[in-house]
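User: I am new to this structure and would like a close look at one part of it. Please take a single helix and describe carefully how it sits among its neighbours.

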Amino acid sequence: MNKNWKEEELKAAVEAYLDMWEKHKIGISFTKKVYYEELAAKFGRTQKAYEYRMQNISHVFSLMGRPWIPGLLPAKNVGTRTEKALEVLITQVESEKSN
């Protein structure tokens, strides 16, 4: 399996993270593992890979001055290119949702 993440995979991870974030903000319970399972089944990566990617997204949230999802502590081991791509995707997905 190619270890490089395609933009489609990163965007799906960001969409899932933002969905969990919205649920967290309004007090709707959710199970993170369900999100990891769905992403893993769709893209052929492990659930652990998606859990770690969510922690990378938490790191980007922290760089943006935003709180992250409890239980998904920021993981700083994300390449500069991927970090920037995640930031752009967060902004893009939030913009798409608000339209």
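Analyst: What follows is a description of one helix, its two packing partners and its place in the core. The model is predicted, and the helix chosen here is α3, which covers residues 47–63.

Beginning with the partner on one side of the sequence, α1 and α3 pack with their axes 10 Å apart and at an angle of about 70°, which makes α1 roughly perpendicular to α3. From α3, the residues that meet α1 are Tyr 50, Arg 53, Met 54, Ile 57, Ser 58 and Phe 61, and across from them α1 brings a set including Leu 10, Val 14, Tyr 17 and Trp 21. Sorted by class, this contact holds 12 nonpolar, 1 polar and 2 charged residues.

The other partner is α4 (residues 80–98), whose axis comes within 10 Å of that of α3 and crosses it at roughly 75°, so that α3 and α4 are likewise roughly perpendicular to each other. Here α3 contributes Arg 53, Asn 56, Ile 57, His 59, Val 60, Phe 61 and Leu 63, while α4 contributes Thr 82, Glu 83, Leu 86, Glu 87 and Ile 90. By class, the contact has 6 nonpolar, 3 polar and 3 charged residues.

Turning to the core, Tyr 50, Met 54 and Ile 57 are, together with Val 14, the residues that touch the most other members among the 27 of the largest nonpolar core. The elements giving two or more residues to this core are α1, α2, α3 and α4, and α1 gives the most, with 9 residues. Tyr 50 also has contacts beyond its neighbours within four places in sequence, among them Trp 5, Tyr 36, Leu 39, Phe 43 and Arg 45.

Methods:
Residues are numbered from 1 along each chain as its sequence is written. This is a predicted model: local features need pLDDT of at least 70, side-chain atom pairs count only at pLDDT 80 or more; totals for chains, interfaces and linings use all residues. Side-chain values use heavy atoms; hydrogens and water are left out. Axes are lines fitted to C-alpha atoms, for helices over the stretch in contact, and angles run from 0 to 180 degrees between N-to-C directions. Helices (H or I, at least four residues) and strands (E, at least two) are DSSP runs, numbered from the N terminus. Angles under 35 degrees count as roughly parallel, over 145 as roughly antiparallel, 65 to 115 as roughly perpendicular and the rest as oblique. Contact means heavy atoms within 4.5 Å. Ala, Val, Leu, Ile, Met, Phe, Trp, Tyr, Cys and Pro count as nonpolar, Asp, Glu, Lys and Arg as charged, and the others, Gly among them, as polar. A nonpolar core is a set of buried Ala, Val, Leu, Ile, Met, Phe, Trp, Tyr and Cys residues joined through side-chain atoms within 4.5 Å. Buried means under 20% relative accessible area, exposed over 50%, partly exposed in between (1.4 Å probe, protein chains only).
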